[in-house]
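Q: I've got a model open and I'd like to learn how to read it feature by feature. Can you walk me through it?

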Amino acid sequence: MNRQSPVLISWIVVVAIFVLDFVTKRWVLANQVELLQGIDLIDGILRFTYVRNSGAAFGMMQGARWILTAVSIAAVLGLGWLISRPTTTGLKRIASTMILAGAAGNLVDRLAYDGLVVDFIEMGYGDWTFPVYNVADIGVSIGAVVLVLSLLVERDGQDDQEVPAGLSPAPAVEEDPDGARD
């Protein structure tokens, strides 16, 4: 079996998430009249509701179009470079791939719709509702969680690393078979 390179797989995932995000947002725009009122998918838990978001995730930084666009462009360029490197591996590759896909999807909206992003997935229970989001936001959120996990794993792995230069490890104590020390 021919094994695909991690770089190619990352780019395939980016394109797949980007296309899914693009198609779902175009469906929302084509049905925006119905979606302004919302369509229940799972009564009281999940619905599609059309919202234009001028801010970042969870409605933060409303109206900061140019800052958010610049950050998105920088993220797309930087993460694109990162996942193109064969040395980016493991959880960092997964995190970078997911965040890149989401950042690219939302960047297209920011450029095409005067800084606004099309959001439409609404979740909640009872009186509590989660901020409305989209497929790109799912990619960014999963990527952020995986990035935190990678940083925790990396930090925990440092405990098992060699002793830094200049510090000497505790000397090994050898015992002879009779239990006496040398």
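Q: Let's start with a single residue: is Asp114 buried or exposed?

A: Keep in mind that this is a predicted model. The cut-off for exposed is over 50% relative accessible area. Asp114 has 60% relative accessibility, so it counts as exposed.

Q: Where does Asp114 sit, and what is its phi?

A: Here's the general idea: most residues other than glycine have a negative phi. Asp114 goes the other way, with a positive phi of about 50° although it isn't a glycine. You'll find Asp114 in the loop between H4 and S3.

Q: Let me zoom out. Which elements does the chain have, and in what order do they run?

A: There are five helices and four strands. Starting at the N terminus, they go α-α-β-β-α-α-β-β-α. The chain has 182 residues, and 32% of them count as buried. If you take the contacts with a separation of 6 or more, 62% of them are between residues 24 or more positions apart.

Q: How do I describe two helices that pack together?

A: Two packed helices are described by the angle between their axes and the distance between the axes. Try H1 and H4: their axes come within 9 Å and cross at roughly 35°. That crossing is right-handed. On the H1 side the contact includes Trp11, Val14, Ile17, Phe18 and Phe22, and on the H4 side Met98, Leu100, Ala101, Ala104 and Val108 are among the residues involved. By class, the H1 and H4 contact has 13 nonpolar, four polar and five charged residues.

Q: At what angle do H3 and H4 pack?

A: At about 145°, with axes 8 Å apart. The crossing of H3 and H4 is left-handed. Among the residues making this contact are Leu68, Ile73, Val76 and Leu79 of H3, together with Leu100, Ala103, Leu107 and Leu111 of H4. The class split for H3 with H4 is 13 nonpolar, five polar and three charged.

Q: And which residues of H1 and H3 meet?

A: From H1 you have Val7, Ser10, Trp11 and Val14, and from H3 they meet Gly80, Ile83 and Ser84. Sorted by class, this H1 and H3 contact has four nonpolar and three polar residues, with no charged ones. As for geometry, the axes of H1 and H3 come within 8 Å and cross at roughly 145°.

Q: Now for empty space. How many cavities of 30 Å³ or more does a search of the whole structure find?

A: One. The largest cavity has a volume of about 30 Å³. Its lining is made up of Phe18, Asp21, Phe22, Lys25, Arg26, Gly105, Val108 and Asp109. H1 and H4 each supply at least two of the lining residues, and H1 has the largest share, with five. By class, the cavity lining has three nonpolar, one polar and four charged residues.

Q: What lines the largest pocket?

A: That pocket holds about 560 Å³ of space. It's lined by 29 residues, and Ala56, Ala57, Asn106, Asp137 and Val140 lie nearest its centre. S2, H3, H4, S3 and H5 each give at least two residues to the pocket lining. The lining divides into 17 nonpolar, eight polar and four charged residues.

Q: Back to single residues: is Thr24 buried or exposed?

A: The cut-off for buried is under 20% relative accessible area. Thr24 comes in at 18% relative accessibility, so it counts as buried. Thr24 lies in H1. Leaving aside neighbours within four places in sequence, Thr24 is in contact with Phe120 and Val135.

Q: Which residues is Tyr133 in contact with, leaving aside its neighbours within four places in sequence?

A: Phe120 turns up again: Tyr133 is in contact with Asp119, Phe120, Ile121, Met123 and Ile138. Tyr133 is found in the loop between S4 and H5. With a relative accessible area of 14%, Tyr133 is buried.

Q: How far apart are Tyr133 and Asn53 in sequence and in space?

A: In sequence, Tyr133 and Asn53 are 80 residues apart, while in space they're 8.9 Å apart, C-alpha to C-alpha.

Key:
Residues are numbered from 1 along each chain as its sequence is written. This is a predicted model: local features need pLDDT of at least 70, side-chain atom pairs count only at pLDDT 80 or more; totals for chains, interfaces and linings use all residues. Side-chain values use heavy atoms; hydrogens and water are left out. On a 1 Å grid over the protein atoms alone, a cavity is a set of points where a 1.4 Å probe fits but cannot get out, and a pocket is an open set with protein on both sides within 12 Å along at least five of seven lines; lining residues have an atom within 4 Å of a point. Grid points are joined across faces, edges and corners, and a volume is the space filled by probe spheres set on the points. Ala, Val, Leu, Ile, Met, Phe, Trp, Tyr, Cys and Pro count as nonpolar, Asp, Glu, Lys and Arg as charged, and the others, Gly among them, as polar. Axes are lines fitted to C-alpha atoms, for helices over the stretch in contact, and angles run from 0 to 180 degrees between N-to-C directions. Contact means heavy atoms within 4.5 Å. A crossing is left-handed if the near helix is turned anticlockwise from the far one by less than a right angle, and right-handed if clockwise. Buried means under 20% relative accessible area, exposed over 50%, partly exposed in between (1.4 Å probe, protein chains only).
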